[in-house]
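Visitor: I would like a close look at one part of this protein. Take me through its interior: the packing, the rings and the cysteines.

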Amino acid sequence: MSSNNKSGILSMSRKAGKLVMGMDMVKDACSVGNAKAVFTAADISEKSLKEVRYTCAKYDVKLYALGMTMDEVALGLGKRVGVVAMTDAGFAKSCAKGLEEVIIDKDEFGI
């Protein structure tokens with residue numbers, strides 16, 4: 001799937017109110033069970049990636065590498081973010097199509 005298609009899905013889900021943006025809001029969405037899938041930008045820091053991997057492992061949420069930089073994400077969303085979560089299963093499935101799921105070893109985090 002091209003970056004334009006992913007950007008379009010992100011934009012549509014945001015307009016529909018089904019997208020959560022930013023680390024704190026994504027963590028909250030995971031903790032209350034609203035997040036159906038989490039997506040990360042290619043250029044987030046190692047610390048942020050570890051934090052989002054832990055959150056997804058803890059709350060059993062699928063994590064995908066978006067394959068876009070934060071600047072590319074910003075073009076579609078109007079906001080520069082490195083982590084987003086879809087709260088709608090349909091949007092999550094559409095966005096995840098063609099993306100590689102990040103495998104999370106729960107033992108790594110003692111979960």
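Guide: This is a predicted model. Start with the span 10-94, whose end C-alpha atoms lie 10 Å apart. Helix makes up 51% of that span and strand 18%. In UniProt, an unreviewed entry lists residues 10-94 as "domain: Ribosomal protein eL8/eL30/eS12/Gadd45".

Now the interior. Nonpolar side chains in soluble globular proteins tend to be buried together. Here, the largest nonpolar core holds 19 residues. Those with the most contacts inside this core are L10, F39, L66, L77, V84 and M86. Several elements each give two or more residues to the core. Three are helices: α1, α4 (70-77) and α5 (89-96). Three are strands: β1 (19-21), β2 (37-40) and β4 (83-86). The top contributor is α5, with four residues.

Take L66 as a way in. Leave out residues up to four places away in sequence, and L66 touches K6, L10, F39, T40, V73, C95 and L99. Two of these partners, L10 and F39, are themselves among the residues with the most contacts inside the core. A separate core lies apart from the largest one. That other core has 16 residues, including V26, I44, V52 and C56.

Next, a serine. S13 sits in helix α1, which covers residues 3-15. Why does S13 count as buried? Because its relative accessibility is 0%, and buried means under 20%. A polar atom of the S13 side chain lies 2.9 Å from the backbone oxygen of L10. Setting aside neighbours within four places in sequence, S13 contacts K18, L19, M86 and F91. Of these, M86 has already appeared among the core residues with the most contacts.

Turn to the rings. The whole structure yields two aromatic pairs. F39 and Y64 make a stacked pair, with centres 5.4 Å apart and 20° between the planes. This pair joins distant parts of the chain. F39 belongs to strand β2, and Y64 to strand β3 (residues 62-65). They are 25 residues apart. Both F39 and Y64 are buried.

Y54 and F109 make an edge-to-face pair, because their planes stand at 70°, and over 60 degrees counts as edge-to-face. Their ring centres are 5.6 Å apart. This pair also links distant parts of the chain. Y54 is in helix α3 (residues 46-59), F109 is in helix α6 (residues 106-109), and 55 residues separate them. Burial is not shared here. Y54 has a relative accessible area of 33%, so it is partly exposed. F109, at 16% relative accessibility, counts as buried.

Last, the cysteines. How many disulfides are there? The count is zero. The reason is distance. For C30, the closest cysteine sulfur is in C56, 4.8 Å away, so it is too far for a bond. The relation runs both ways, since the sulfur closest to that of C56 is the one in C30. A disulfide needs the two sulfur atoms within 2.5 Å. Both residues are nonetheless buried. C30 has a relative accessible area of 4%, and C56 has 2%. C56 is also one of the residues of the 16-residue core.

Note on methods:
Residues numbered from 1 in each chain as written. Predicted model: local features only at pLDDT ≥ 70, side-chain atom pairs only at ≥ 80, totals over all residues. Heavy atoms only, no water. UniProt positions renumbered as here; feature names shortened; annotations may be inferred. Buried < 20%, exposed > 50% of the residue type's maximum accessible area, 1.4 Å probe, protein only. Polar contact = N/O pair within 3.5 Å; in protein donor to acceptor, adjacent residues only side chain to side chain. Contact = heavy atoms within 4.5 Å. Core = buried A, V, L, I, M, F, W, Y, C linked by side-chain atoms within 4.5 Å. Phe/Tyr/Trp six-rings, centres within 6.5 Å; stacked < 30°, edge-to-face > 60°.
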